[in-house]
Amino acid sequence: MSTATRTRTAARVVDAVKVYGGGDTAVRALDGVSVGFEAGRFTAIMGPSGSGKSTLMHCAAGLDTLSAGSAFIGDTDLSALDDRRLTLLRRDRIGFVFQGFNLVPTLTVAENITLPMDLAGAKDGDASREWIDALVDVVGLRDRLHHRPSELSGGQQQRVAVARAFAGRPDVVFADEPTGNLDSRSGEEVLGLLGRAVRQMDRTVVMVTHDPVAAAHADEVVFLADGRLVDRMPDPTADKVLDRMKAFDASGGARREGEGPS
Ligand SMILES: Nc1ncnc2c1ncn2[C@@H]1O[C@H](COP(=O)(O)OP(=O)(O)OP(=O)(O)O)[C@@H](O)[C@H]1O
Ligand SMILES: [Mg+2]
């Protein structure tokens, strides 16, 4: 690989296995997944319900631990961290956006956005303020800063959650179905926002979604089926993604890497 094309990997898992439960009821949610998420890119994770998308995201983000294999944020091996270090890593290096917006109802928009940094006792005052200021414009919430979440639409609340996720300039933002509770117009706004954060602000986003239109906002789609990585699609379009999803449906979602079309 030449220097010019060398990429940094913001997050990756290697031979990731996750088994929930034990004995007869054990579920192998991840069955040996290796995948890297490049820095400065927007990656979507797709696959049938139950294919392990959320599990992959949670394990890659240090919200859950793998049964076998390893997960890295940058060069940091998550399995080598004790609980305290893992908590600090999640706070300082990772941002999260969930389907439910998870805002604090008693805090204003401005307070919700800066909450993670306030908790961290932000060290670089002016630089942080400038960054947050730019972020507020990117998410288009300047005139809502002193409102509370209950006074905002769902789309606006999710934009606050996106701003909060990026507030501490994390290495990577993980989003699990961030548009799942939004109408298509609000969803488009949030997706546009994630795309702009990546392309204009050099951020890294990994997003789980069911929606081919949402996935088309990403630079690349990775497809899971039955806890395995089965495909990667650079430069996705909604049509191409939809066709790929239909192929899953036709094969009952059971097609594995290396197997040809049935
Ligand atoms: N805490 C848990 N305990 C037991 N089984 C679990 C747990 N979490 C997930 N699973 C199982 O692991 C498998 C993968 O689940 P996961 O939530 O990762 O799927 P998903 O691809 O995100 O699905 P969806 O699209 O429905 O959100 C499923 O069979 C699920 O039932
Ligand atoms: Mg899920």
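**Reading the sheets and helices of a predicted model**

Mentor: Strand E3 (residues 42-46) and strand E8 (residues 205-208) are paired in the parallel sense over four bridges, and within that pairing Val 206 of E8 is the bridge partner of Thr 43. This is a predicted model, in which local features need pLDDT of at least 70 and side-chain atom pairs count only at pLDDT 80 or more, while totals for chains, interfaces and linings use all residues. Residues are numbered from 1 along each chain as its sequence is written, and chains are lettered from A and ligands numbered from 1 in the order in which they are written.

Trainee: What is a strand here, and when do two strands pair?

Mentor: Helices (H or I, at least four residues) and strands (E, at least two) are DSSP runs, numbered from the N terminus, and two strands pair if DSSP finds at least two bridges between them. In this structure, an open sheet of six strands follows the order E6-E7-E8-E3-E9-E10, with mixed pairing. Its edge strands are E6 (94-97) and E10 (228-234), each of which pairs on one side only.

Trainee: Which order do the strands of the four-stranded open sheet have?

Mentor: That sheet has the order E2-E1-E4-E5, with antiparallel pairing. Strand E2 (27-38) and strand E5 (76-77) stand at the edges with a single partner strand each, so one side of each is left without a neighbour in the sheet. Further in, strand E1 (residues 9-20) runs antiparallel to strand E4 (residues 68-73), with five bridges joining them, and Arg 12 stands opposite Phe 72 in E4.

Trainee: Which strands does helix H1 lie across, and how is its angle to be read?

Mentor: Contact between two residues requires their C-beta atoms, placed from the backbone, to lie within 7 Å; axes are lines fitted to C-alpha atoms, for helices over the stretch in contact, and angles run from 0 to 180 degrees between N-to-C directions. Helix H1 (residues 53-60) lies across E1, E2 and E4, running at about 120° to E1, and H1 also lies across E3, strand E7 (172-176), E8 and strand E9 (220-225), at about 150° to E8. Helix H8 (residues 238-250), for its part, lies across E3, E9 and E10, running at about 160° to E10.

Trainee: How many residues of H5 are buried?

Mentor: A residue is buried if 20 or more other C-beta atoms lie within 10 Å of its own, exposed if 12 or fewer, and partly exposed in between, with C-beta atoms placed from the backbone. In H5, twelve of the 14 residues are buried, among them Gln 156, Arg 159 and Phe 166. Just after H5, Arg 169 takes a positive phi of about 45°.
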